[in-house]
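Please examine the sequence and the three-dimensional structure shown below. The paragraphs that follow proceed from one pairing of strands outwards to the chain as a whole.

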Amino acid sequence: MSKGNGIYPEDLKYTKEHEWVAVHGNVGTVGITHYAQSELGDIVYVELPAVGTAVVAGEEFGSVESVKAVSEVYAPASGEVLEVNGALAQSPETINKDPYTEGWLMKIKMADPNELKGLMSAAEYRKHIEDESN
Amino acid sequence: MDDASRYIPASEADRQAMLREIGLERIEDLFASIPESLRLAHPLEVPGPLSEQELQGEFAARARENRELDGRAQFLGGGAYRHFAPAVVDHLITRTEFYSSYTPYQPEISQGTLQAIFEYQTLICQLTELDISNASMYDGASALAEGLLMAERANPKGRVVLSDRLHPEYVQTARTYLSNVEVGVDAFGHRPDGTADPEAARKEIGGGASALVIQHPNFFGCLEEVETLARVAHDAGALLIVVVSEPVSLGILKGPGRQGADVVLGEGHSFGVPLSYGGPFLGFMAARAAFLRNMPGRLVGETHDVDGRRGYVLTLSTREQHIRREKATSNICTNEGLCALTAAIFLSVLGRDGLRELAVHNHARAEYARRALASVRGCSIPFGAPIFNEFVVTLPIPAAQAVRALGERGIVPGLPLSRYFPGRERDLLVCVTEVNPRSEIDRLAVELGRLA
């Protein structure tokens, strides 16, 4: 199966490090992509920042641990953490099952919407993972 | 062909071929990156080779220069304790399945090794009354250093506060580990009875700290008020780390985990690992379950295979250095396997009642010795706090001088504290365990009485 054949919703923005962000006004909901979860395998633990923490675009805000590896996750945009997905503490495997809705990681109040311009569309992201896996 | 070639498989021709392959002429060319001024220009000045028979003779002669402890009355403690180990311990650990195994690098194929580590972890959890234990560490001192780094990961405040009654060598090791990370190390004082001062701790911790650290029993042998100090730590948002350098004490003392400690770590060699000129030792570390993912080192877990059979795995390896590189929780990717096994066998042989009985013997003999020395002319006991198997006695003459004098009479009376604490010239740290019969203690009292 080609790596780009996963599901990549058109209304999301993507990072090179395989995070997605859904934008509603100045609030961004952040998670990891279908590709990221399938590469990691069974996810067993998620480390998320405290509400109120400042995150910086391109910098680490937490980690996702699978049976194979612990992987850092990077903020797609700068801002303040409004909410984190507390349900993942009990059922981190939700990220494997549903990376785009129930498996979200955090919501941030974005400081500068211009930062989103550097992110990829679904089509660009598909191409990015094709290139990366070649 | 020189003699060494008997033991080195590469011949001179092999070496020349390898040098040609990498484009060099001489072995010395490999060291070109070391400045010439630092390199030795001539062969090492060492005596010529000995035959195997001569070599054995040489070392036997050197060994005879040692003063043997057998037949001497010996009261040294201070982090290294003499205990009796039943012969079954040595017999079992020297089985080749165990004796030659290193920490498992292809872990799941070594079910026996993993099970032994799992049993060890379980015993450490029971003794400390905490939820989790790692597979063991190098020694008590490095366990402290790792514990401080763990506290800083779990509760980052950039500072730790240590009792001034911690083993000075542990503190030195911890400071070395922390010297290149941004974590300050501060100390707080003790009360006249020899125990850590909770008020001094409260003041020192005022500015916040990742952890408050005490040793129990402390370096001077005194038992600490763990519950009070746990409250001081927790009120200030710090973890309480309790260091135990003599774990036989846990046979009669409450588990520090039950008294509020978040992390209990220390030295486990007392559980059957003999004193052999400074090692090997056995670091242990236990913690509350909340710190599972911050725990340094390896961890063995119990699980079931697809057919429901019990099995053991190295769990959470994803946080170890060989997988997570520079983001690993620690640079320790090993454990003190044979010593951990020794401890597990020793504790299993003694059992719950046996360990308790051993601890009671240690305590009773040390109390007997403390009373005996308190009544010796010219001697006094400076600290009144309860003890386990160690205590300080103040002598009429410098302690180092007393050690020399009694050494001539076949007694090693203890550890002079001036080695670590200038100003405590006359103080001697005396340790009494089950291997010191009362007759030895009586002799010690008589000989110390002659010093005045």
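**From a buried strand to the chain contact**

In this predicted model, strand S5 (residues 211-215) of chain B pairs with S6(B) in the parallel sense, over five bridges. The chain passes from S5(B) to S6(B) by way of helix H9 (residues 226-235) of chain B, and this β-α-β crossover is right-handed. Within the pairing, Val213(B) has Ile241(B) in S6(B) as its bridge partner. S6(B) is also joined to strand S7 (residues 263-267) of chain B by four bridges, and these two strands run parallel. Here Val244(B) has Gly266(B) in S7(B) as its bridge partner.

How many of the six residues of strand S6 (residues 239-244) of chain B are buried? Six of the six are, so the strand is largely enclosed by the rest of the structure. In a regular strand, side chains alternate between the two faces of the sheet. Both faces of S6(B) are covered: Leu239(B), Ile241(B) and Val243(B) are buried on one side, and Leu240(B), Val242(B) and Val244(B) are buried on the other.

Helix H1 (residues 12-21) of chain B presents the opposite case. Of its 10 residues, the number buried is zero, so H1(B) lies largely in the open. Just after H1(B), Gly23(B) adopts a positive phi of about 80 degrees.

The wider setting is chain B itself, which has 13 helices and 14 strands. Its radius of gyration is 25 Å, close to the 22 Å that the globule rule gives for 452 residues, so chain B is as compact as a globular protein of that length. Taken along the principal axes, the box filled by its C-alpha atoms is roughly 75 × 60 × 50 Å. Of the 452 residues, 42% count as buried. Among contacts in chain B between residues at least 6 apart in sequence, 73% join residues at least 24 apart.

Chain A enters the picture through its contact with chain B, to which each chain gives five residues. On the side of chain B that touches chain A, one residue is nonpolar, one is polar and three are charged.

Within chain A, Ser91(A) occupies the loop between strand S8 (79-84) and helix H2 (94-97). Is Ser91(A) buried or exposed? With 13 other C-beta atoms within 10 Å, Ser91(A) is partly exposed, since a residue counts as buried at 20 or more and as exposed at 12 or fewer. Ser91(A) and Ile43(A) are 48 residues apart in sequence, while their C-alpha atoms are 9.1 Å apart in space.

Conventions:
Residues numbered from 1 in each chain as written. Chains lettered and ligands numbered in written order. Predicted model: local features only at pLDDT ≥ 70, side-chain atom pairs only at ≥ 80, totals over all residues. Contact = placed C-beta atoms within 7 Å. Nonpolar A, V, L, I, M, F, W, Y, C, P; charged D, E, K, R; others polar. Rg over C-alpha atoms; globule rule 2.2 N^0.38 Å. Pairing = 2+ DSSP bridges. Right-handed = clockwise from strand over helix to strand, strands pointing away.
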